[in-house]
Amino acid sequence: DPAMTFRPTRGMIMAAGLGMRMRPLTNDRPKPLVTVGGKTLLDHAIDRMRGVGVKTIVVNVHYKGEMVIEHLKSRRDVEIIIQDERDKILDTGGALKRALPLFKGEPFFTHNSDSIWLESWGSNLERMVQRWNDSEMDCLMLLAAAHSSLGYDGSGDFTMDAEGKLARRQAPRVAPFAWPGVQIIHPRLVARSPAADVFSTNRLWDIAIEENKLFGI
């Protein structure tokens with residue numbers, strides 16, 4: 001029943017990276033404030049999430065964090081919560097773990113600040129909302145074809161079966177899909193985080209894969 005579709009109203013933008021690979025663009029600004037098409041990467045991400053009904057967005061900051069905080073003061077159309085990580089880089093998983101109470105137990109979007117794409121038909125995030133199944137998924141990833149993704153030079157990250165379940169690429173094989181940095185994730189998965197403060201979201205994906213609860217679209 002389409003009317004039963006759960007619509008995430010919360011999200012998190014990962015904006016704490018050092019931006020090393022974008023130098024010299026990031027010499028004087030953090031990566032999220034690099035502009036593409038006259039708009040910052042951060043605003044592109046916020047606008048994408050707003051477009052599907054997200055109303056509260058957590059933004060974590062580290063490198064040149066004060067510039068991000070200052071920039072976000074101009075956004076009055078969405079509630080922004082700053083997660084200040086200037087004292088310590090938590091990595092992506094650690095950042096989600098710290099932010100967990102802010103999602104109020106609801107599945108939420110995460111969006112890397114350096115992910116950008118052209119929509120071909122409809123909205124990719126809307127397709128994710130329509131595909132989300134709360135009972136069978138702990139995480140739903142937006143995937144891109146590895147061979148046609150600009151700036152991606154790996155051998156692919158994931159393989160997908162007929163139901164959309166994901167598994168990791170097994171070396172030396174090549175996998176068709178790369179993860180461009182957008183997902184819907186359930187708080188129950190983040191709640192199973194390692195005891196450490198600093199860890200990658202990869203640790204959470206491994207748990208989800210083990211239980212057949214990592215899906216892609």
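Visitor: Where is the place of Asp161?

Guide: Asp161 lies in the loop between β9 (158-160) and β10 (166-168). Keep in mind that this is a predicted model.

Visitor: Why is Asp161 called partly exposed?

Guide: Its relative accessible area is 38%. Buried means under 20%, and exposed means over 50%. The value for Asp161 falls in between, so Asp161 counts as partly exposed.

Visitor: What separates the C-alpha atoms of Asp161 and Met14?

Guide: In space, 28 Å. Along the chain, the two are 147 residues apart.

Visitor: Now the helices. What makes α1 oblique to α2?

Guide: Start with the angle. The axes of α1 (residues 41-50) and α2 (residues 65-72) cross at roughly 50°. They come within 11 Å. Under 35 degrees would count as roughly parallel, and 65 to 115 as roughly perpendicular. The angle of roughly 50° fits neither range, so α1 is oblique to α2.

Visitor: Which hand does the crossing of α1 and α2 have?

Guide: The crossing is right-handed.

Visitor: Which residues make the contact?

Guide: From α1 come Leu42, Asp43 and Ile46. From α2 come Val68, His71 and Leu72. By class, this contact has 4 nonpolar, 1 polar and 1 charged residues.

Visitor: How do you know that the buried residues of α2 line one face of the helix?

Guide: First, name them: Gly65, Val68 and Leu72 are the buried residues of α2. Seen down the axis of α2, they fall within an arc of 60°, so they line one face. There is a general pattern here. An α-helix has 3.6 residues a turn, so residues three or four places apart point the same way.

Visitor: What covers the buried residues of α2?

Guide: The cover includes α1, β4 (56-61) and β5 (79-84).

Visitor: What puts the buried residues of α4 on the same side?

Guide: In α4 (residues 124-131), Asn124, Leu125, Met128 and Val129 are buried. They cover an arc of only 145° around the axis, which puts them on the same side of α4. Their cover includes α1, β6 (108-112), β7 (139-141) and β12 (182-185).

Visitor: Where is Asn112, and what does Asn112 touch?

Guide: Asn112 sits in strand β6. Leaving out residues up to four places away in sequence, Asn112 touches Met14, Trp179 and Gly181. Asn112 and Leu125 are 13 residues apart in sequence, and their C-alpha atoms are 13 Å apart in space.

Visitor: Back to helix α1. What does His44 touch?

Guide: His44 is found in α1. Not counting residues up to four places away in sequence, His44 touches Val36, Lys39 and Ile116. The C-alpha atoms of His44 and Ile69 are separated by 16 Å.

Visitor: What phi does Asp91 have?

Guide: Asp91 has a positive phi of about 65°, although it is not a glycine. Most residues other than glycine have a negative phi. Asp91 is in helix α3 (residues 91-99).

Visitor: Why does Asp91 count as partly exposed?

Guide: Its relative accessibility is 36%. That value lies between the cut-offs of 20% and 50%, so Asp91 is partly exposed.

Visitor: And where is Asn212?

Guide: Asn212 is in the loop between α6 (202-210) and β13 (214-216). Asn212 has a positive phi of about 60°, and it is not a glycine. At 48% relative accessibility, Asn212 counts as partly exposed, because exposed means over 50%.

Methods
Residues are numbered from 1 along each chain as its sequence is written. This is a predicted model: local features need pLDDT of at least 70, side-chain atom pairs count only at pLDDT 80 or more; totals for chains, interfaces and linings use all residues. Side-chain values use heavy atoms; hydrogens and water are left out. Axes are lines fitted to C-alpha atoms, for helices over the stretch in contact, and angles run from 0 to 180 degrees between N-to-C directions. Helices (H or I, at least four residues) and strands (E, at least two) are DSSP runs, numbered from the N terminus. Angles under 35 degrees count as roughly parallel, over 145 as roughly antiparallel, 65 to 115 as roughly perpendicular and the rest as oblique. A crossing is left-handed if the near helix is turned anticlockwise from the far one by less than a right angle, and right-handed if clockwise. Contact means heavy atoms within 4.5 Å. Ala, Val, Leu, Ile, Met, Phe, Trp, Tyr, Cys and Pro count as nonpolar, Asp, Glu, Lys and Arg as charged, and the others, Gly among them, as polar. Buried means under 20% relative accessible area, exposed over 50%, partly exposed in between (1.4 Å probe, protein chains only). The arc is that of the directions from the helix axis to the C-beta atoms.
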